[in-house]
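Open the model in your viewer and keep the selection box handy. We will go from stop to stop, and at each one you will hear what to select and what to look for.

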Amino acid sequence: MSGSDLIMYEEEFSRIDEELQRLYVQTNAKVVFLVDKNGQLIASAGETRDIDTTSLASLTAGNIAATGGIARLLGEKEFTILFHEGENDNIHISLIGQRVILVVIFDKRSSLGLVRLRVKKSSEALVKIFNDITSKSEKEKSVDSFDESPFAEISDEDIDNLFR
Amino acid sequence: MSFINYSSREINCKIVYYGPGLCGKTTNLQYVYKKTNPDQKGKLISLATETERTLFFDFLPLALGDIKGFKVRFHLYTVPGQVFYAASRKLILKGVDGVVFVADSQIERMEANIESLDDLRINLAEQGYDLDKLPYTIQYNKRDLPNIAPVENMNRLLNPRNVPYFDGIAVTGPGVFETLKNIAKQVLIELKKHY
């Protein structure tokens, strides 16, 4: 477990949330969500109630990973955009800054062109936020100021309690 | 790579079940799924072939409870065990926080165990991990079968570092939760070291 752990703070989380809300409105999408490359859901916007977002996140990451594997076999670094078209719903998946995956699910109220355009704009904003997160966690780590860390005083008992 | 979210107060960790084909990785997850409260688990997703062999992975999200006000979630994955799915297997290991190696106790599968363990080490190294430094638990599965190797022999072959190991009969359950609990504990202790 190296320094590649993703740590999300309140401030950046609301910035991400804001950006996803904006994208959701601008694209007229059904759902927009953000997943890390390992399949963990980071944030979402839209009609998520009827969707199993945890499974969707994991499968999306699997999809991106498999596509990345194909890319490397072909000598490409990565395929950054995937698009699946369904009878009613479509899904637009894009890789952002090599580390997070932005997913937009939309139907005929929107269009692929609109989604692509808006996703591109949002990607730039999201890349910036994630760069900030990285520098922030590095800074926090170096000054050793994890007052709030939930792990600092974790005991064996705490862990055992999880399994009762 | 765990994901710690201070905003929603969640900790997410990824555990991968590894091992040779037909050793019982998926069966482990199925048992965990069967025995967990509905409010603690998500859907068990299996990307499998028509003959129920794992094609890409199985996935089971588990919400265990709270530690210091943080919801602790474990994402359990299995890899496809069959040798020719090597490329897919590698992908699943991305961002892993802890590994369970499920060994098949049948004597005739010992070579497959060794091969799979080598494969694990190599694939982890490709992702920049060292098996010797990761939270790691071994399960000697299928202890109910007649033609099994003694645990001491298996330990000598598969567990030179003497990591925690458990006897398992994944179909009926013995050892399944012991294994999961042990790896979860190691992962959390590792997190504690870093933060």
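Is B:V16 buried or exposed? Select B:V16 and show the C-beta atoms around this residue. There are 26 other C-beta atoms within 10 Å, and 20 or more is the mark for a buried residue, so B:V16 is buried. Keep in mind during the tour that this is a predicted model.

**Stop 1: around B:V16**

B:V16 sits in strand β2 of chain B. Now add B:L76 to your selection: B:V16 and B:L76 are 60 residues apart along the chain, yet their C-alpha atoms are separated by 5.9 Å. To see what else touches B:V16, leave aside residues up to four places away in sequence and select B:Y77, B:V79, B:I92, B:L93, B:V96 and B:V99.

**Stop 2: two loops in chain B**

Stay in chain B and move to the loop between β1 and β2, where you will find B:R9. B:R9 is not a glycine, but has a positive phi of about 55 degrees. This residue has 14 other C-beta atoms within 10 Å and is partly exposed.

Next, select B:L22, in the loop between β2 and α1 (25–35) of chain B. Here too the residue is not a glycine and the phi is positive, about 65 degrees. B:L22 has 17 C-beta neighbours inside 10 Å, so this residue counts as partly exposed.

**Stop 3: helix α3 of chain B**

Select residues 110–126 of chain B, which form helix α3. Try a distance between the end C-alpha atoms: they are 25 Å apart, which agrees with the 24 Å that 17 residues should span at 1.5 Å a residue.

Colour the buried residues of α3(B), which are B:N113, B:S116, B:L117, B:L120, B:N123 and B:L124. Because they cover an arc of only 130 degrees around the axis, they lie on the same side of α3(B). Turn to the other side of α3(B) and you will find B:E111, B:D118, B:I122, B:A125 and B:E126 exposed.

What covers the buried residues of α3(B)? Show β2 (10–18), α2 (86–92), β6 (98–104) and α4 (151–158) of chain B, which are among the covering elements. This brings you back to β2, the strand that holds B:V16. Before leaving, click on B:G128, just after α3(B), which takes a positive phi of about 85 degrees.

**Stop 4: chain A as a whole**

Hide chain B and look at chain A, which has four helices and six strands. Trace the chain along the sequence and you will meet them in the pattern β-α-β-β-α-β-β-β-α-α. Along the principal axes, the C-alpha atoms fill a box of roughly 50 × 40 × 30 Å. Chain A has 164 residues, and buried residues make up 34% of them. Taking contacts in chain A between residues at least 6 apart in sequence, 52% join residues at least 24 apart.

**Stop 5: helix α1 of chain A**

Select α1(A), a helix of 18 residues that reaches 26 Å from its first C-alpha to its last, close to the 26 Å expected at 1.5 Å a residue. Its buried residues are A:I16, A:E19, A:L20, A:L23, A:Y24 and A:T27. Their arc around the axis is only 140 degrees, which puts them on the same side of α1(A). On the other side of α1(A), look for A:E10 and A:S14, which are exposed. After the helix comes A:N28, with a positive phi near 60 degrees.

**Stop 6: where the chains meet**

Bring chain B back. The contact takes 33 residues from chain A and 38 residues from chain B. On the side of chain A that touches chain B, the elements giving two or more residues are β1 (6–8), α1 (10–27), α2 (53–73) and α4 (156–162). Which of them gives the most? That is α2(A), with eight residues. By class, this side of chain A has 16 nonpolar, eleven polar and six charged residues.

Finally, zoom in on β1(A) and strand β1 (residues 3–5) of chain B, which pair in the parallel sense over three bridges. Select A:L6 and you will see B:F3 of β1(B) standing opposite.

**Last stop: confidence**

Colour chain B by pLDDT: the mean is 93, and 100% of its residues reach 70 or more. The model scores ipTM 0.78 and pTM 0.88.

Notes. Residues are numbered from 1 along each chain as its sequence is written. Chains are lettered from A and ligands numbered from 1 in the order in which they are written. This is a predicted model: local features need pLDDT of at least 70, side-chain atom pairs count only at pLDDT 80 or more; totals for chains, interfaces and linings use all residues. pLDDT is the predictor's confidence in each residue, from 0 to 100. The expected span of a helix is 1.5 Å times one less than its number of residues. A residue is buried if 20 or more other C-beta atoms lie within 10 Å of its own, exposed if 12 or fewer, and partly exposed in between; C-beta atoms are placed from the backbone. The arc is that of the directions from the helix axis to the C-beta atoms. Two residues are in contact if their C-beta atoms, placed from the backbone, lie within 7 Å. Ala, Val, Leu, Ile, Met, Phe, Trp, Tyr, Cys and Pro count as nonpolar, Asp, Glu, Lys and Arg as charged, and the others, Gly among them, as polar. Two strands pair if DSSP finds at least two bridges between them.
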